[in-house]
Amino acid sequence: MVGALAPLGGARAQEDPFQRGLQAYADLDFDAAVRYLRDGLAAESADLLTPAERARFMTYLAAAEVFRGNRDLAVAVARRLMVRQPDYRPDELTFPPQVTEVFTAVRLEMDAVQDLASRGFRAFADLDFAAATQLLRTALASDSAGQFVGAERARVVAHIGAAEVYRGSGDSAVAALRQLAVLAPDYRFDALTFPPQVTELFAAVRRQTVAVDQMARRGVEAYGELDFEVATWLLRRALASGGAEQVGPQERARLLTYVAAAEFYRGRQDSALATLRRLTFLAPDYRIDELVFPPDVTALLATARRQADAAADLVRRGRVASGNRDYGNAVSLLRQALSPAVAEQLQPEQLAEALAYLGAAETLRGARNSGAAVFRALAIREPRYRVDDQAFPPQVTQVARSARTQVFAVRVALPRAAAFRLGQGELPVSLQASAPHEVTAEVLHRDGRPVRTLYVGMLADSLVLRWDGRDSSGFLVWDGRDPTGVVTAPTGYQVVVTSRSVAGQVVRRVHVPLELDAYPQDTLPHPATPHDSLYLPTRLERGPGLEALVTGVIGGAAIALLPSAMAQGSELSTARFAVGGAISVAGIVGLVARFPGRSLRGNIRSNEAIREEWRTRVAAIEQENATRASEPYVMIHAGEPVVREVGR
Amino acid sequence: MRSLRRLPAYGAPLVAVVVATPVGAQTPLGWSVGLVGMSVRLERETPEVRQALDGFVFGGEGRIRLWKSELGVRYLRGSATQAAGDPSEQVVDAAFFVGSRPTDWLSFRAGPHLRRYPSVTGTARTVLWEGRIRLEGRLLGQTFRSYVEAWRAFSGSATLTSVLGSGQGIEGGMVLEIPRAHVLARAGYRVDRSSVPNPSEVSTLEALFIAVGIGRR
């Protein structure tokens, strides 16, 4: 309880933020307590605190936040504390129930998260990969306290990535493994638990991650060297790559700022403004570091924000006017918002919303044809957009539905990045039609030469096509080498979906550019040459032969000579000479049989067998490596779809 | 007479050497059992008489080794005659030993050696406490080896005289071992001499022997 705090005071208390915080807490001045304790915990000297001291001060901070009515902040403090000290329990005699309850809630929350992760790992072990990904993703998403850090977080992410590989969700797997590559670049998948394709995919993703990171770094360096053209090219390429998703919004915003600044210095203000517009969508609260970038860029960003806000405001005001049945004003405002100069300031969903409200306003003010035209434009832009039945009256939804059925448009969705071994994996191509119509889906070279027709026929609603990287003849579009055997980089491709009218006329095409990056698979190392200790000697050494000779001669002499010395006076038989002689002869035979330097054929054969086995293993690995080299790993990056109207 | 109580005085250094010697590259367990046939020539000599008896003894022997410790026994029995047509006289040779084989080529052994043999003055029975040293060497790998074993009695007793003068001997030969078949064969030559002082008699047993058995070293 507050009153239970020991009396504090003295000069030291005046200097130590912790003591001052505790004193303020005792005086029920919780605002001051929070201020002092936060200052103390944020100071470098806080690193010198013992765990018990830190826990004590953080508990007082949490308690002060509770008493200030900021339970969320108290929970945040409790989470920070309990991540470091999971078994910590606040003293129930010192702190009131509403404070201890905060810690109990955090503990239960952390236990629940841990339980989710454990169940996820169990599901993975039980090969229930759908449940595993769901449980582990939920665990990470629920980890408000940040208890999964370092190796534990890497383990969770690795299992998510592997489960996605097992499920065939290449895009999700790449995203998870990219996260893992950033989190723990040196992470090693246990070969007993994870299949080789997980390891290989992770290696490819990691290489690409590094490549993107290097590209971005070189772009920033080029900017520093005032080579703005190179900087723009490198940074745009890094940002366009699927690997750019590896960096968080802040880092992407920083790279975009470099691009904008470089474009500004190149005299391309419009391009700089467009870049900064993307930045405003990506990170609305981003602040440009004015020590790094010129004030002009900051000013441009402010302009972009103003323009975006103004465009959004136009849409908002049009929507309000429409709600007030001031359809004329609504149409005027929304058409302003949809004018090319303003529309580019809007995000796609804002644009769709503006079109929907414009179509509704036109319809409701009696311009039904105009409304239908707007809804057709909406259907072309967003084939799957459906006008909200709750927000608009039936006459609007009817017109919108009717207009949509007259538009033959397709939304083409591809994973932004997919990785697989050409010939073994597939690139999913998702088609969604605004209305049933005939479509043709093809893969073309970038220059328009045909590669493969994926689908020709009626698209009623939606369809997922898959491209396995082969052309119409069944050959891989790229196998790492040209016909002369020279290693080549893959060329660009595009997915083109053509929509046809009922009469069979081509009305529009959607082009999705595909960039292929190829990575050779990791090859296996050659087996180590057999250790010398495995080889048997191929020639006799001196030892055995000499040992036989010495043994024979000494043993024979001992038997021949010692008995007479031992039994002096006795008439011994000559048998001892025969035995001694036999032993000596045996010794000489032993010397001859094991004459030093003599070849040991058995050992030679044994050694040759060891060498042959090693050569066989080398040949097998070389064959496997050749196979791997001929089946490179490919990452396909899909660009933004471009709709081209035909016959207009 | 040398008392049996003096045995520890001789045995202690031997035991110390045995215990202190490191274990060689041996299999943990060695054993053998076999039959021994021995053609003997027993020469007995007193200041007055020298007689020689020839005969044949037959028996068995066994040995077991655990790591470097050994235990063995031998029993041979037969007869010898002075000349064709003479009555044969019984010869018994038995021994028991404990020992150590610290290395592949060296063994120490000690134990009682009992003999019953015809002497000039009657049938003699002796109990000799002997210490033995045995050296082995390879002639052709582990299969064919030769050995020399020498022994000396440290104390003992004899029934006829109750006093033992000395006892010593040497044996040598070749050993053939077929490890996969666990067959052992041994052939060699042996001299065993003992003497009693009063009445003075020296007996020398000279033998050619062959032994066949099973087991492994």
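1. Which residue is the bridge partner of A:Pro428 in β6(A)? The partner is A:Arg466. This pair belongs to a predicted model, and the points below describe that model chain by chain.

2. The strands that hold this pair can be placed as follows. Strand β3 of chain A covers residues 427–433, and β3 and β6(A) run antiparallel to each other, joined over 6 bridges. Both belong to an open sheet of 3 strands in chain A, ordered β1-β3-β6, with antiparallel pairing. At the edges of this sheet lie β1 (410–413) and β6 (462–467) of chain A, each of which pairs on one side only. From one strand to the next, the twist averages 20°.

3. Chain A as a whole contains 22 helices and 10 strands. Of its 648 residues, 45% are buried. Contacts in chain A between residues at least 6 apart in sequence are joined in 65% of cases by residues at least 24 apart.

4. A second strand pair in chain A involves β4 (residues 437–445) and β7(A), which are antiparallel over 8 bridges. Within this pair, A:Glu438 is found opposite A:Arg500 in β7(A). Strand β7 of chain A spans residues 493–500 and is mostly covered, with 7 of its 8 residues buried. As a general point, side chains in a regular strand alternate between the two faces of the sheet.

5. Is A:Ala354 buried or exposed? A:Ala354 counts as buried because its relative accessibility is 0%, and the cut-off for buried is under 20%. The residue sits in helix α17 of chain A, which runs over residues 348–364. Leaving aside residues up to four places away in sequence, A:Ala354 touches A:Val315, A:Leu334 and A:Leu338. A:Gly318 is 36 residues from A:Ala354 in sequence, while the C-alpha to C-alpha distance between the two is 7.9 Å.

6. Chain B has 1 helix and 10 strands. Read from the N terminus, the order of elements is α-β-β-β-β-β-β-β-β-β-β. Half of the chain is covered by the usual count: 50% of the 217 residues in chain B are buried. Among contacts in chain B with a separation of 6 or more, 57% come from residues 24 or more positions apart.

7. How are the strands of chain B arranged? A barrel is closed by 10 strands in the order β1-β2-β3-β4-β5-β6-β7-β8-β9-β10, and their pairing is antiparallel. The twist in this barrel averages 20° from one strand to the next. One of the pairs is formed by strand β2 (residues 50–66) and strand β3 (residues 69–81) of chain B, which are antiparallel over 13 bridges. In that pair, B:Asp54 has B:Thr81 in β3(B) as its bridge partner.

8. The last point concerns enclosed space. The model has 4 cavities of 30 Å³ or more. The largest cavity holds about 600 Å³ of space. It is lined by 38 residues, and those closest to its centre are B:Glu61, B:Arg63, B:Arg109, B:Arg134 and B:Arg186. By residue class, the lining of the largest cavity consists of 15 nonpolar, 7 polar and 16 charged residues.

Methods
Residues numbered from 1 in each chain as written. Chains lettered and ligands numbered in written order. Predicted model: local features only at pLDDT ≥ 70, side-chain atom pairs only at ≥ 80, totals over all residues. Heavy atoms only, no water. Buried < 20%, exposed > 50% of the residue type's maximum accessible area, 1.4 Å probe, protein only. Helix = DSSP H or I, 4+ residues; strand = E, 2+ residues; numbered from the N terminus. Pairing = 2+ DSSP bridges. 1 Å grid on protein atoms, 1.4 Å probe; cavity = no way out; pocket = protein on both sides within 12 Å on 5 of 7 lines; lining within 4 Å. Points joined across faces, edges and corners; volume = space filled by probe spheres on them. Nonpolar A, V, L, I, M, F, W, Y, C, P; charged D, E, K, R; others polar. Axes fitted to C-alpha atoms, helices over the stretch in contact; angles between N-to-C directions. Contact = heavy atoms within 4.5 Å.
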